[in-house]
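User: Let us go through the empty spaces and charge pairs of this model. Short answers, please.

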Amino acid sequence: MSVERIFDELGHFKRFQACVYFAAVFQATACGIHYLASVFLVETPAFVCGAPANVTDVLFGNLTGTSVEDFLPLFRAETGPLVVRTPGGEQWELSRCRRALRIRPGDFAYAFDGNKSAEACVGGFVYDRSEVYQSIVTDWDLVCDRAWLAKLCQPTFMLGVLAGALVFGDVADRVGRVKILMFTSLCQFGIGVCVAFSANYYYFVAFRFLLAMASSGYLVVVFVYVTEFTGIEVRTWTSMHVHAAFAVGVMVVALTGYLVRVWWIYQIVLSLCTSPFLLFCWKFPETPFYLIAKGKHEEAQALLDAMARVNGSERRPKVEELLESEEQNGAELPEKEEREEAVGKAPERKLSILDLFGSWRMAGRTCTVWAIWFVGSLGYYVFSLGSVNLGGNQYVNLFLVGAVELPSYLVGCFAMDRIGRKKTCAPALLLAGVACALIIVVPADIEALAIALSMIGKFAVAIAFGLIYLYTCELYPTIIRSLAVGSGSMMCRVGSAVAPFCVYLADVWIYLPQLIVGVLAFVIGILTLMLPETLGRPLTSTLEEAEALGRSPAEKRKSAADGLEMSRRV
């Protein structure tokens, strides 16, 4: 029996695994929370340049009043300035980033054809606090020539996500999964609270970067953790539904943003949402795979006995038997081949990213896979971050963006098992492209239809984004599988970093983000149809790919066997 046979003996997803799984996935909700929290942290309400003195009268078109704040819900940059009068009789025209003093005005009227003295806004701004009472934009005046600082918050966070994935993924293999899960969970809570008490913008960005590293580190390691605690019969479902916890986090952000309109209180509440996890995460067991790989056989045996006891299994696998089985499986090469390898084998060359382009077929496959990773991440965050700009209630829109993911993973799992990976991924990308095209042609006044199409696009992208990790694992032989998944994940991080800038392109043309995502998704969806199907993948496929990399006969045979085993497991 091999190490994987643990689950045949103790159950693929019984009581012990279920408790560990749902506890670990609960904290993944915090990752979704922090990834999308910036939607309301950096929200920019309607604003206008403040007058240099108190205001006694206000004109806006044919409307009159005594307070600038009363007109801000109606004020738009393209509708013209607010005209105000001070106690000293001065009349000012207030725009977003400038104000102009009327020279020798007559009556207090909205229209004025005389001379004006314009100046930059140096006395502060007046904000509409009917929707957002306090955000970092209103606290630190991140508007006009400082607006780029607010727009830099989410891309900086995504760079932290990239750094966290690189750092913690490697450290988890060295010190163990549980230690990283505990450390990153504590950091998500502690640094999340620190963000709320940032003294200025630069502290805020620095803390958010560290928070991104912790959130990304947890998300990367928890995928490995739950995979190593569940058997092959349920592994597709358990790995896919870690994404569902992330989606729940998005829904929590929408609900909290609706209830709490002060950014630092909002940040504290979000950080507290999953804090109960800290009370029991220190009881998490290390995975049996890691313990056996590190030679901690006594701890591994104690864990297997505990799993058997909790699951009610009478059969208790022994670590010694597992190791003996692994050694036998690793010594199957014929003696002749071993002698050939020993006599004529040159030093084995190190694998590099170029091995993903070992042949024209492999190069085309790698480019397509990278493109799926990129557009999946880009589309995911463009639909999520851009949901607040669709019209209607922004809180409801963001909640729906998270809610629509939950059925998408169920549909994705069923479709992958029944029609295959390629036939699930390609139609999902094509559907996302079509949804984006329809959003562009729908009349702007039909907000409900635009929102519905956006939800369809997010539903489709979530399917492709959820399955690409599994699909990549199965498309490559063992010898370059880690390179393929690692490089694909890097493209995913690039897509997530580009997504906020893509959303900001709506300032140029409201539908430009949908146009970019739609074209990319449709083109890549067509290219995906050219990829091979991996469900029930034949042995010759792996042999040919290993041969393309210039491997020895023994390595080719071992790669083929390992490839089939990995496909079966995932």
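**Cavities, a pocket and salt bridges**

Analyst: The largest cavity is lined by F40, E43, E131, V132, Q134, G257, V260, R261, V262, W263, Y266 and Y395. Bear in mind that this is a predicted model.

User: How do the residues lining the largest cavity divide into nonpolar, polar and charged?

Analyst: The lining includes F40, W263 and R261. Tyr counts as nonpolar and Gly as polar, which places Y266 and Y395 in the nonpolar group and G257 in the polar one. The division is seven nonpolar, two polar and three charged.

User: How many cavities of 30 Å³ or more does a search of the whole structure find?

Analyst: The largest cavity holds about 80 Å³ of space. The second largest cavity has a volume of about 50 Å³. For the whole structure, the search finds two.

User: Which elements give two or more residues to the lining of the second largest cavity?

Analyst: Q27, A30, H34, S185, Q188, F189, S271, T274, S275 and L278 line the second largest cavity. Two elements contribute at least two residues to that lining: α2 (15-36) and α7.

User: How many charged residues are in the lining of the second largest cavity?

Analyst: Its residues include Q27, H34 and S185. His is not in the charged class, which holds Asp, Glu, Lys and Arg, so H34 counts as polar. The lining has three nonpolar residues, seven polar and no charged.

User: Now the second largest pocket. Which residues lie nearest its centre?

Analyst: The second largest pocket encloses about 1400 Å³ of space. Its lining takes in 39 residues. Those nearest the centre are E43, T44, P45, N389 and D507.

User: Which elements give two or more residues to the lining of the second largest pocket, and how does the lining divide by residue class?

Analyst: The lining has 39 residues. Elements giving two or more of them are α3 (38-41), α5 (147-151), α6 (153-175) and α22 (478-504). By class, the lining has 23 nonpolar, nine polar and seven charged residues.

User: On to charge pairs. How many salt bridges does a search of the whole structure find?

Analyst: Side chains of opposite charge can pair when their charged atoms come close. One of the pairs is D57 with R85, at 3.1 Å from N to O. E93, R102 and K116 are joined in a network of salt bridges. The whole-structure search finds eight.

User: Are D57 and R85 buried, partly exposed or exposed?

Analyst: D57 sits in strand β2 (residues 57-60) and R85 in strand β4 (residues 82-85), 28 residues apart. The partly exposed class runs between 20% and 50% relative accessible area. D57 has 25%, so D57 falls in that class. R85 is at 27%, and therefore R85 also counts as partly exposed.

User: Are R177 and E228 buried or exposed?

Analyst: The closest N and O atoms of the R177 and E228 salt bridge are 2.9 Å apart. R177 lies in helix α7 (residues 177-196), and E228 lies in the loop between α8 (201-227) and α9 (235-240), 51 residues away. R177 and E228 are both buried.

User: What parts of the chain does the salt bridge of E405 with K458 tie together?

Analyst: The closest N and O atoms of E405 and K458 are 3.0 Å apart. Both residues are buried. E405 is in one helix and K458 in another, so the pair ties together parts 53 residues apart in sequence: α19 (residues 405-419) and α21 (residues 447-475).

Notes
Residues are numbered from 1 along each chain as its sequence is written. This is a predicted model: local features need pLDDT of at least 70, side-chain atom pairs count only at pLDDT 80 or more; totals for chains, interfaces and linings use all residues. Side-chain values use heavy atoms; hydrogens and water are left out. On a 1 Å grid over the protein atoms alone, a cavity is a set of points where a 1.4 Å probe fits but cannot get out, and a pocket is an open set with protein on both sides within 12 Å along at least five of seven lines; lining residues have an atom within 4 Å of a point. Grid points are joined across faces, edges and corners, and a volume is the space filled by probe spheres set on the points. Helices (H or I, at least four residues) and strands (E, at least two) are DSSP runs, numbered from the N terminus. A salt bridge is a side-chain nitrogen of Lys or Arg within 4 Å of a carboxyl oxygen of Asp or Glu. Buried means under 20% relative accessible area, exposed over 50%, partly exposed in between (1.4 Å probe, protein chains only).
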